[in-house]
Amino acid sequence: MKATAAAFSLDDQRQKPVELVQIAPGWAIVTIGPNRLLAGIPWLRLVELAPTRFLLSVPTGTSVDSLELAIIELLENADADDRERAMLEQLRDLVRRVRRRGDFSKAEILLVETRASDPLTRR
């Protein structure tokens, strides 16, 4: 998987807290490192692509404005350490910049519920 390979780095010092990973010419996904505050947003899913690299997933119909506002509220109200605060600020700035330019696009991914039973054998 190209996104996983691009997101995975053995040198954690070179990885940025917030990165754009190109997945096709002219298209990139946002990947982030772990952040306990973002994980606390009930409707936001952090999908692990590689160790310590996550993709942001929002429910269908969630606006980019909602994500930006949630990040701003975390910065205003949460007790964040310096690393978490810097990541939230970078993510807020990225979301704001691409939202204002109209450069955001959302795509859906397929999710399979696996809590009840093995989805490959369930009928």
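Which helix or strand gives the most to the lining of the largest pocket? In this predicted model, local features need pLDDT of at least 70 and side-chain atom pairs count only at pLDDT 80 or more, while totals for chains, interfaces and linings use all residues. Residues are numbered from 1 along each chain as its sequence is written, and side-chain values use heavy atoms, with hydrogens and water left out.

α4 gives the most to this lining, with 5 residues. Helices (H or I, at least four residues) and strands (E, at least two) are DSSP runs, numbered from the N terminus. At least two lining residues each come from α1 (2-7), β1 (18-24), β2 (27-32), β4 (53-57), α3 (64-77) and α4 (82-101).

A pocket is an open set of points on a 1 Å grid over the protein atoms alone, where a 1.4 Å probe fits, with protein on both sides within 12 Å along at least five of seven lines; lining residues have an atom within 4 Å of a point. The volume of the largest pocket, taken as the space filled by probe spheres set on the points, is about 1,100 Å³. Its lining has 35 residues, and Ile29, Leu56, Ser105, Lys106 and Ala107 are the closest to the centre.

The largest nonpolar core (buried Ala, Val, Leu, Ile, Met, Phe, Trp, Tyr and Cys residues joined through side-chain atoms within 4.5 Å; buried means under 20% relative accessible area with a 1.4 Å probe, protein chains only) has 22 residues. Ile32, Leu38, Ile71 and Leu91 touch the most other members. β2, α2 (36-39), β4, α3 and α4 each supply at least two residues of this core.

Notes. Buried < 20%, exposed > 50% of the residue type's maximum accessible area, 1.4 Å probe, protein only.
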